[in-house]
Structures are given as structure tokens and as C-alpha cells.
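The report that follows walks through the packing and the charged pairs of one protein chain. Please keep the sequence and the structure in view while reading.

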Amino acid sequence: MSTYLQLVNKLKDESGSGAADLTTAIGLTGEGRRLANWINDAWMDIQGQHKDWGWKRASTSFVTVNGQATYTTAQAGTTNFGMWDRDSFRNYLTATGTSAEVFMNYMPYEQWRDIYQFSSGRTSYSQPYDITITPAKSLGLGPVPLVGYTVIGDYFTCPTEMTADADIPSLPVHYHMAIVYRALMFYAANEGAVEVYQHGKNEFNRLMSRIENDYLPDIELGRAE
């Protein structure tokens, strides 16, 4: 695996710098700072190219409250939340356990609002079978929960920077060089080094094609949102 500091030093080597290896990637000035920033920029760029990278998928669960229809991402127990996988939800009566678990159907927000947040729908409490994602990215359940149901679902984390020398990108280790090659493109563009830029671009595109094959979902009718 490669740490933030190791990636910065790999970029230094790929760029042809004859300087000694850096001992930290934090608090640098001059060329060292630029190398560290380009590595972080490359990592953020890769994370942001697709919202539903497989390595960024995580699971969460939470217990509903009687009469509470919506739950924020914090109430749902997420960490570094990016977006919900809307087709991944299921729930069961907490007191009974998973033997009574049911799948939940995703419902567009406006439809959910017109059914479960209108008139008697607001107070018709029972086990929820439908779920929506509100404009604020909270989860809306329908019908409104009667008691404590354990809701389980998946989400994708948001892009995060590396801030310490020992930080390790969540990208699978055998693809870490994609970060270096993307950063090399930033370096070469700044230096006007056409051949170096092309080398970085070729290697980056080669690795990104493999990453996309390995860590993007198959094309389906239902997509994460």
C-alpha cells in the first residue's frame, strides 16, 4: 500500500526531480508543496469522476422512532456521506428480528410527499415499505413508522483529502499509481512538458479503464442516487 508521503515521493521520481526523498508531505513550501498538492488534487479528481465507485460503498442501519417520518444522514448513522444507494433498503421490526425483514421500494419524493405527508397519511402509522430521498438527502419512510424498525441500507462516501503523511487512499492498492499519473499530468501541464504529460495521460487512462471495469456497477434500470 502507498501512503500520502510515498505517493508524493513517487510523483517526485516520475517527474524526474533529482532531489532527495521528502520526509513529510505536510507543511511544505516551494516544489515540495506543489507535488503534495498535485497528489491530493489527483486523488480528489479520481474520487469525483464517478459517485458510485464500488470501493466507496458502505452500509448503515438505524432504528426508527414512533411517528418520525424522515431521518437525516446523521440520524441514519452515515460517515462521510456522499449519496444514497436508493435500491438497497430493507427493514424489520427490531423487537422481532430479521426473520420478518422486508425489502423497501424506492418512491420519488413528490409521490411520497403526496401520499405519506398529506391528510391522514401523516398519521397512518405502520411498518414502512416505501422509502424516498428528500431534497436535503434525508430518508423519508412510508408509511410513517409505528414503533422501532431497524432500517438497513447502503450509501457512497464523499471524496476526502489526504491530510497526514500516513493517510492511505481508499482506492485499492494495486491502482494507487493512477493517482501518481494523474498528478503527473498536473505537474507536466504546469511545466509545459508535453512528453511527460502524454506519458502520464497514457498510463492514467490505462489504469482508469481497469478501475472502471472493476469498480463501477453493471448498467441496470435502477441506479444509485
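In what follows, a residue counts as buried under 20% relative accessible area, as exposed over 50%, and as partly exposed in between. By that rule R34, with a relative accessible area of 29%, is partly exposed. The model is a predicted one.

**Nonpolar cores**

The largest nonpolar core holds 32 residues, and L11, I39, I179 and I211 have the most contacts inside it. Two or more residues of this core come from each of the elements α1 (4-14), α2 (30-48), α4 (177-191) and α5 (194-215), with α4 giving the largest share, nine residues. How L11 sits in this core can be followed through its partners: apart from neighbours within four places in sequence, L11 is in contact with L35, W38, I39, V180, A183 and L184. Separate from this core is a second one of 14 residues, which includes Y71, A76, V151 and Y155.

**Helix α4**

The helix α4 has 15 residues and reaches 21 Å from its first C-alpha to its last, which is close to the 21 Å expected at 1.5 Å a residue. Its buried residues are A178, I179, V180, Y181, R182, A183, L184, M185, Y187 and A188, and what covers them includes α1, α2 and α5. Just after α4, G192 takes a positive phi of about 70 degrees. In the loop between β8 (149-157) and α4 lies V173, which counts as partly exposed because its relative accessibility is 45%. Together with M1 and I168, V173 makes a nonpolar surface patch of about 310 Å².

**Salt bridges**

Side chains of opposite charge can pair when their charged atoms come close. A search of the whole structure finds eight salt bridges, and three of them are set out below.

| Salt bridge | Closest N to O distance |
|---|---|
| E191 and R34 | 3.3 Å |
| D85 and R57 | 2.9 Å |
| D154 and R57 | 2.7 Å |

What does the salt bridge between E191 and R34 tie together? E191 lies in helix α4 and R34 in helix α2, so this pair joins parts that are 157 residues apart in sequence. E191 has a relative accessible area of 40% and is therefore partly exposed, and R34, at 29%, is partly exposed as well.

R57 takes part in a salt bridge with D85 and in another with D154. The pair of D85 and R57 links distant parts of the chain, with D85 in strand β3 (residues 81-93) and R57 in strand β1 (residues 57-63), 28 residues apart. The pair of D154 and R57 ties together parts that are 97 residues apart in sequence, because D154 lies in strand β8 and R57 in strand β1. Are the residues of these two pairs buried or partly exposed? D85 is buried, with a relative accessible area of 9%, and D154 counts as buried at 13% relative accessibility, whereas R57, at 42%, counts as partly exposed.

Elsewhere, K12, D13 and D21 are joined into one network by salt bridges that share partners.

Definitions and conventions
Residues are numbered from 1 along each chain as its sequence is written. This is a predicted model: local features need pLDDT of at least 70, side-chain atom pairs count only at pLDDT 80 or more; totals for chains, interfaces and linings use all residues. Side-chain values use heavy atoms; hydrogens and water are left out. A nonpolar core is a set of buried Ala, Val, Leu, Ile, Met, Phe, Trp, Tyr and Cys residues joined through side-chain atoms within 4.5 Å. Buried means under 20% relative accessible area, exposed over 50%, partly exposed in between (1.4 Å probe, protein chains only). Helices (H or I, at least four residues) and strands (E, at least two) are DSSP runs, numbered from the N terminus. Contact means heavy atoms within 4.5 Å. Patches are made of residues with over 30% relative accessible area and no salt bridge: like charges are joined within 9 Å, nonpolar side chains (Val, Leu, Ile, Met, Phe, Trp, Tyr) within 5 Å. Accessible areas come from the Shrake-Rupley method with a 1.4 Å probe; for residues, only the protein chains shown count as cover. A salt bridge is a side-chain nitrogen of Lys or Arg within 4 Å of a carboxyl oxygen of Asp or Glu. The expected span of a helix is 1.5 Å times one less than its number of residues.
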